[in-house]
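Q: Hi! Could you walk me through this model in plain words? I'm new to this, so short answers are great.

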Amino acid sequence: MISQDTAALIGAQINRELYSGYFYLGLSAQAEIANLKGAASWFMAKHSEEMAHAMKMYRYLLDQDAPLRLETIAAPPPESGSVLQMFEATLAHEREVTSAINDLVDHALSEKDHATGIFLHWFVTEQIEEEATVNDILGRLRLFGEKSEGLLMIDNELGQKAKQMAQSAAVDSAAGAG
Ligand code: FEO
């Protein structure tokens, strides 16, 4: 059993993860409208990842027999600008999520709630990987530019990455690690 405070904070994080899914769904639509099919697939794969993150926390609360209150999910920004701006917004967003996860870990430690601390380790590691991946994409966008051949090459790479993300999510899901 976890504390009411911890349950409420994890509930708030479920909302953040669902918002993240919504945020990436919005970016996927914007990329597709801009004819960036690879980027659209990448953002859609991120959408699926975020929904899986929310469901991990949802399952944790229920397994801990904790209260679960679902709140309203905010609308994502309707316009994010160029593909570079989309990935800059992505990095800023993921940094906020990292900070929220760190606050959750601090809270769990302050309550000596080891079960929640261990549960959150996966998210701490995931955030390192997410930020590194977006930083890498941003670096390539800045290096190769946002126009013509450079953009086409990066868009193709993002399409390939999206396929890998979908395969890895299928493996995790089959292993029950989703
Ligand atoms: Fe669930 Fe991208 O953090």
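Q: Let's start with one residue: is Glu96 buried or exposed?
A: Glu96 counts as exposed, because its relative accessibility is 58%. Buried means under 20% relative accessible area, exposed means over 50%, and partly exposed is in between, using a 1.4 Å probe and protein chains only.

Q: What kind of model is this, and how are residues numbered?
A: This is a predicted model, with residues numbered from 1 along each chain as its sequence is written. Local features need pLDDT of at least 70 and side-chain atom pairs count only at pLDDT 80 or more, while totals for chains, interfaces and linings use all residues; side-chain values use heavy atoms, with hydrogens and water left out.

Q: Thanks! Where is Glu96 found?
A: Glu96 is in helix H3. Helices here are DSSP runs (H or I, at least four residues), as strands are (E, at least two), and they are numbered from the N terminus.

Q: And how far is Glu96 from Arg16?
A: Their C-alpha atoms are 9.7 Å apart in space, with their positions 80 residues apart in sequence.

Q: What about H3 itself, how many residues does it have?
A: H3 has 28 residues, and it reaches 41 Å from its first C-alpha to its last, close to the expected 40 Å. The expected span is 1.5 Å times one less than the number of residues.

Q: What follows H3?
A: Lys112 does, and its phi is positive, near 55°. Lys112 is found in the loop between H3 and H4, and it counts as exposed because its relative accessible area is 67%.

Q: Which residue has a positive phi in the loop between H2 and H3?
A: That is Asp65, with a phi of about 55° although it is not a glycine. Asp65 sits in the loop between H2 and H3 and is exposed, at 61% relative accessibility.

Q: New topic! Which residues touch the most other members of the largest nonpolar core?
A: They are Ala31, Trp42, Phe43, Phe87, Leu141 and Leu158, out of 25 residues in that core. Helices H1 (4-33), H2 (37-63), H3 (83-110), H4 (114-144) and H5 (148-174) each supply at least two residues of this core. A nonpolar core is a set of buried Ala, Val, Leu, Ile, Met, Phe, Trp, Tyr and Cys residues joined through side-chain atoms within 4.5 Å.

Q: What do nonpolar side chains tend to do in general?
A: In soluble globular proteins, nonpolar side chains tend to be buried together.

Q: Back to Trp42, what is it in contact with?
A: Leaving aside neighbours within four places in sequence, Trp42 is in contact with Phe87, Thr90, Thr133, Val134, Ile137, Leu158, Lys161, Ala162 and Met165. Contact means heavy atoms within 4.5 Å.

Q: Which residues does the second, separate core include?
A: Among its 17 residues are Ala7, Ile14, Ala54 and Val97.

Q: Okay, helix pairs: at what angle do H2 and H4 cross?
A: Their axes cross at roughly 170° and come within 12 Å, so H2 is roughly antiparallel to H4. Axes are lines fitted to C-alpha atoms, for helices over the stretch in contact, and angles run from 0 to 180 degrees between N-to-C directions. Angles under 35 degrees count as roughly parallel, over 145 as roughly antiparallel, 65 to 115 as roughly perpendicular and the rest as oblique.

Q: Which residues make that contact?
A: From H2 they include Trp42, Lys46 and Tyr60, and from H4 they include Phe119, Trp122 and Ile137.

Q: And H5, which of its residues are buried?
A: The buried ones are Gly150, Leu151, Ile154, Asp155, Leu158, Gly159, Ala162 and Met165. They pack against H2, H3 and H4.

Q: Last stop: where does Met51 lie, and what is it in contact with?
A: Met51 lies in helix H2 and is partly exposed, with a relative accessible area of 33%. Leaving aside neighbours within four places in sequence, Met51 is in contact with Leu18 and Gly21. Met51 and Leu18 are 33 residues apart in sequence and 6.0 Å apart in space, C-alpha to C-alpha.

Q: What does Asn15 in helix H1 contact?
A: Asn15 is in contact with Glu71, Thr72 and Ile73, again leaving aside neighbours within four places in sequence. The C-alpha atoms of Asn15 and Thr72 are separated by 7.7 Å, and the two residues are 57 apart along the chain.
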